[in-house]
Amino acid sequence: MEKLYWLDQIKLQDRAKVGDKAFHLSRIIQRGYPVVPGFVVSAEALRQFLENLNSSESLIADLPYSSLHLDVSNWRQLQQVAGRLREEILSASVSQEWVNKIFTAAREWQTSCLIFRPSLSIADSIQPMENVSGLLESVFCHCQQDAIATALKGIWSQIFRARSLLYWRHTGINLQQINLAVLVQPVENAIASGLLKANSSGWEIEATWGLGIAIAQGEVLPDVYYIQNETGIILEQQLGNKMLAYDVNHPSHKIFSQPLADSAFTPEENCLVTYVLQEAQQKQYALQPEYLQQIIGLATQLVAELGKTFTLKWTIASQATYSKLYLTQVTSPQSIIPHVYFIRGLAAAGGRTVANALVTINSQQKPEQIPKGVILVVPKITPDWLPLLQHVVGIITEQGGLTSHAAILARELGIAAVVNATSATSLIQTGERLLLDGDRGEIYRIEGEVRDERDREDGGDKGERGVNTPSSPTLRETKATSPSSPFALPMIATKLLVNLSQSSLIEQVKSLPTDGVGLLRSELMILNILDGQHPQSWILGGRQAQLLERWSEEIMEFARAFAPRPVFYRSLDWRSPDLPSLSNSLQSSEQSMLGERGTFSYLQNSSVFELELKALASVQQSGYNNIHLLLPFVRTVEEFVFCRRKVEEALLTQVTEFELWMMAEVPSVLFLLPEYVKAGVAGISIGTNDLTQLLLGVDREQGQLAKVFNERHPAVMSAIAQLIDMAKTAGIPCSICGQAPVLYPEIIDRLVEWGITSISVEPEAIERTYQAIGRAEQRLILAAARRKLK
Ligand SMILES: Nc1ncnc2c1ncn2[C@@H]1O[C@H](COP(=O)(O)OP(=O)(O)OP(=O)(O)O)[C@@H](O)[C@H]1O
Ligand SMILES: CC(=O)C(=O)O
């Protein structure tokens with residue numbers, strides 16, 4: 001045995017040496033979660049111990065090389081063999097050097113009681129191991145040298161128990177494949193312990209007084225709490241039947257008063273003692289509310305690490321002066337808890353998904369079809385790829401930024417995306433199983449299967465969305481979890497709108513509690529109808545009438561679905577980095593975020609804008625008065641005036657309800673808003689993406705600048721406050737439709753306080769934005785009431 005492996009230092013490559021239990025705990029402790037400290041006696045130590053067994057028995061002498069193919073049908077013989085093997089092991093001596101090493105390390109904890117926990121992994125196993133829990137048991141012992149040697153042998157010998165031999169035989173596992181390491185940890189007195197089982201339908205917490213073995217041994221009926229996983233709300237709780245509790249036999253620090261005379265564990269043999277609980281304590285819940293909340297908080301964080309399905313074991317360790325919640329066990333159906341990402345990019349669309357990769361090295365060679373449920377890995381996504389994204393469950397691109405069309409569409413569709421992932425197409429192979437973490441911008445390789453029950457139920461070739469985090473559920477989940485009836489929700493005065501572009505999402509989104517569509521992104525919407533051709537090419541090719549018909553129909557779908565709620569259609573704002581593949585037939589434009597975009601481009605050539613206005617007019621003529629126009633990236637008042645005239649010529653203003661709005665995203669609007677209002681602007685919508693980029697001088701498509709692209713920068717927040725204030729003074733509504741409130745819901749408080757009239761967010765963010773608005777408004781009402789009472 002060369003060394004001990006400390007949980008906080010275990011590396012990826014140590015997995016086989018430290019076994020699965022210790023490995024999983026090491027991942028969690030290294031992510032900063034509270035895990036009882038510990039070190040591992042590696043599987044190598046057992047191998048060396050067996051090799052040094054000096055036995056005359058051939059079975060024992062051959063043990064290290066044995067395939068253990070015993071006749072397991074002969075139970076008596078099996079028991080005899082098992083008994084002999086165990087006896088041999090227990091009577092052998094463990095190297096004093098090893099024992100000293102373990103004792104010296106454990107003594108540092110200044111504890112009287114240790115737990116030796118089997119941590120197993122099976123080499124080259126084809127199938128994941130199931131039901132090994134319970135096959136091997138932990139051993140508690142005093143922190144003394146001879147007790148340590150006995151405990152170690154006690155664990156090792158368990159792989160030769162009759163039931164273990166039977167198990168290895170049935171699962172076809174050879175002795176050489178078994179890596180049995182031993183995790184050694186201190187055991188402190190515990191106020192309460194228990195577990196938390198999480199799955200997609202909710203969490204169940206079990207709790208008892210003292211150490212967790214009372215539950216493990218089935219000696220108590222624990223208290224049970226049912227928790228709603230999305231909100232952490234306690235739905236129900238049931239008092240258990242807890243007559244006894246285990247604790248450390250510690251003379252100076254006692255939690256429970258009355259030792260049980262005929263304790264199952266006698267203190268001489270191990271360091272635990274059993275207590276009969278007093279009646280008053282039996283009638284109490286073991287978990288105090290503050291600890292319950294801490295456990296819920298921990299589980300909420302762990303969803304982001306482990307997905308929705310996992311089990312935690314926890315203990316509230318109590319020392320003389322303080323108590324602390326620790327995790328003692330973490331298991332998850334993911335055969336490996338993601339360890340270290342192997343590629344990192346920018347977190348472009350939230351959520352975590354597990355699926356197979358489909359790699360395309362050349363973005364120009366778009367496949368005709370994409371199998372459903374894959375993670376697409378490409379150098380970059382050009383507009384002609386966008387319709388295909390409806391079929392994938394995740395996107396990885398080497399290029400592109402947080403507000404590229406691919407990123408925006410991924411957020412709208414509720415699929416995870418990581419952009420700017422350097423060399424992704426060469427590092428990832430098609431068919432490789434990946435975990436894509438869109439919240440962190442990280443990509444992991446996954447070995448083995450990861451399945452969430454729900455995905456099993458519905459057949460599952462959709463990738464494993466089950467591992468999506470509640471902070472960013474997929475749209476499917478948004479629908480499922482959104483309040484079934486809007487009437488159950490509190491009233492909010494600030495309008496909540498949705499950002500949309502795909503008509504395929506209308507059915508799901510229209511029933512969400514929104515006041516309409518705050519941003520209908522036309523450039524993404526029409527990709528589905530353009531057949532890969534720029535609208536200008538349609539016009540030049542004499543197919544204007546066909547395009548107009550398709551365009552009107554597409555807009556009409558939104559107008560119809562949301563009527564009488566308003567739909568703010570934003571006219572085309574194609575930025576050159578997003579355009580090339582549609583522009584083949586046109587002159588190529590410079591790749592710049594500040595190029596010929598927004599209303600400026602309409603002045604250069606108004607034919608496409610005029611066609612767009614005709615499409616809107618035809619929607620109005622069909623009887624939909626709920627459609628309004630939002631002008632993008634307006635640089636000057638002259639541009640606005642030009643557009644307004646075109647709008648009048650298209651007769652849109654003949655419908656009295658019609659409103660002409662503009663995006664507030666070019667910072668000059670901070671100075672020019674009164675001029676725009678005089679020129680006829682009926683409302684503004686703040687585009688925080690562009691506003692941030694331009695105020696801070698940060699090209700949002702440049703990955704290396706991502707750190708300084710900060711929508712919460714004081715300059716940006718102050719600009720937003722000023723715009724809201726100026727709009728109020730001018731008597732026009734002020735909305736916001738950029739990413740800021742989606743990415744940073746905490747700013748919603750400020751927006752509501754400053755008097756924003758509406759907030760428009762992606763479908764997946766509707767529910768949390770609704771709640772955030774509700775809370776912000778309640779706070780304002782409360783503050784006003786308190787002021788009045790003074
Ligand atoms: N260091 C520790 N301090 C206090 N309690 C612990 C510690 N380690 C484990 N426990 C608790 O002791 C009990 C037995 O643990 P053990 O490792 O034997 O099995 P387990 O965690 O139930 O896992 P398995 O699924 O492998 O049986 C559990 O309730 C566990 O939470
Ligand atoms: C929404 C948008 O276009 C922006 O935030 O810039």
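Q: What makes up the largest share of the shell around ligand 2?
A: The largest share comes from helix 23, which gives 3 residues to that shell. Helices (DSSP runs of H or I, at least four residues) and strands (runs of E, at least two) are numbered from the N terminus. This is a predicted model, in which local features need pLDDT of at least 70 and side-chain atom pairs count only at pLDDT 80 or more, while totals for chains, interfaces and linings use all residues. Residues are numbered from 1 along each chain as its sequence is written, chains are lettered from A and ligands numbered from 1 in the order in which they are written, and side-chain values use heavy atoms, with hydrogens and water left out.

Q: What makes a residue one of those around ligand 2?
A: A residue is near a molecule if one of its heavy atoms lies within 4 Å of it, and the residues around ligand 2 include Leu519, Arg521, Glu665, Thr688 and Asn689. The shell divides into 3 nonpolar, 4 polar and 5 charged residues, where Ala, Val, Leu, Ile, Met, Phe, Trp, Tyr, Cys and Pro count as nonpolar, Asp, Glu, Lys and Arg as charged, and the others, Gly among them, as polar.

Q: Why can the pairing of Glu665 with ligand 2 be called a polar contact?
A: A polar contact is a pair of N or O atoms within 3.5 Å, and a polar side-chain atom of Glu665 lies 3.1 Å from an oxygen atom of ligand 2, so the pair meets the limit. A polar backbone atom of Thr688 is also 3.1 Å from an oxygen atom of the ligand, and a backbone N or O atom of Asn689 lies 2.8 Å from an oxygen atom of ligand 2. The protein covers 96% of the 220 Å² of accessible area that ligand 2 has on its own.

Q: Where does ligand 2 sit?
A: Ligand 2 sits in the largest cavity, and the elements that give two or more residues to its shell are strand 24 (517-521) and helix 23 (688-696). A molecule sits in a cavity if more than half of its atoms lie within 2 Å of its grid points; a cavity is a set of points on a 1 Å grid over the protein atoms alone where a 1.4 Å probe fits but cannot get out.

Q: Why is Gln110 called exposed?
A: Exposed means over 50% relative accessible area, buried under 20%, and partly exposed in between (1.4 Å probe, protein chains only); the value for Gln110 is 75%, so Gln110 counts as exposed. Gln110 lies in the loop between helix 5 (96-107) and strand 3 (113-122), and has a positive phi of about 50 degrees although it is not a glycine.

Q: Why does Ser423 count as partly exposed?
A: Its relative accessibility is 32%, and therefore Ser423 counts as partly exposed. Ser423 is in the loop between strand 20 (416-419) and helix 12 (424-427), with a positive phi near 60 degrees in a residue other than glycine.

Q: How do you know that Gln158 is buried?
A: Gln158 has 5% relative accessibility, so it counts as buried. Gln158 lies in the loop between helix 6 (145-157) and helix 7 (162-171), and a polar atom of its side chain is 2.5 Å from the backbone nitrogen of Glu137.

Q: Why is Leu630 called buried?
A: Leu630 has 0% relative accessibility and therefore counts as buried. Leu630 is in strand 26 (residues 627-631), and its C-alpha atom is separated by 9.0 Å from that of Leu520, 110 residues apart along the chain.

Terms used. Polar contact = N/O pair within 3.5 Å; in protein donor to acceptor, adjacent residues only side chain to side chain. Areas by Shrake-Rupley, 256 points an atom, 1.4 Å probe, with all protein chains shown as cover. 1 Å grid on protein atoms, 1.4 Å probe; cavity = no way out; pocket = protein on both sides within 12 Å on 5 of 7 lines; lining within 4 Å.
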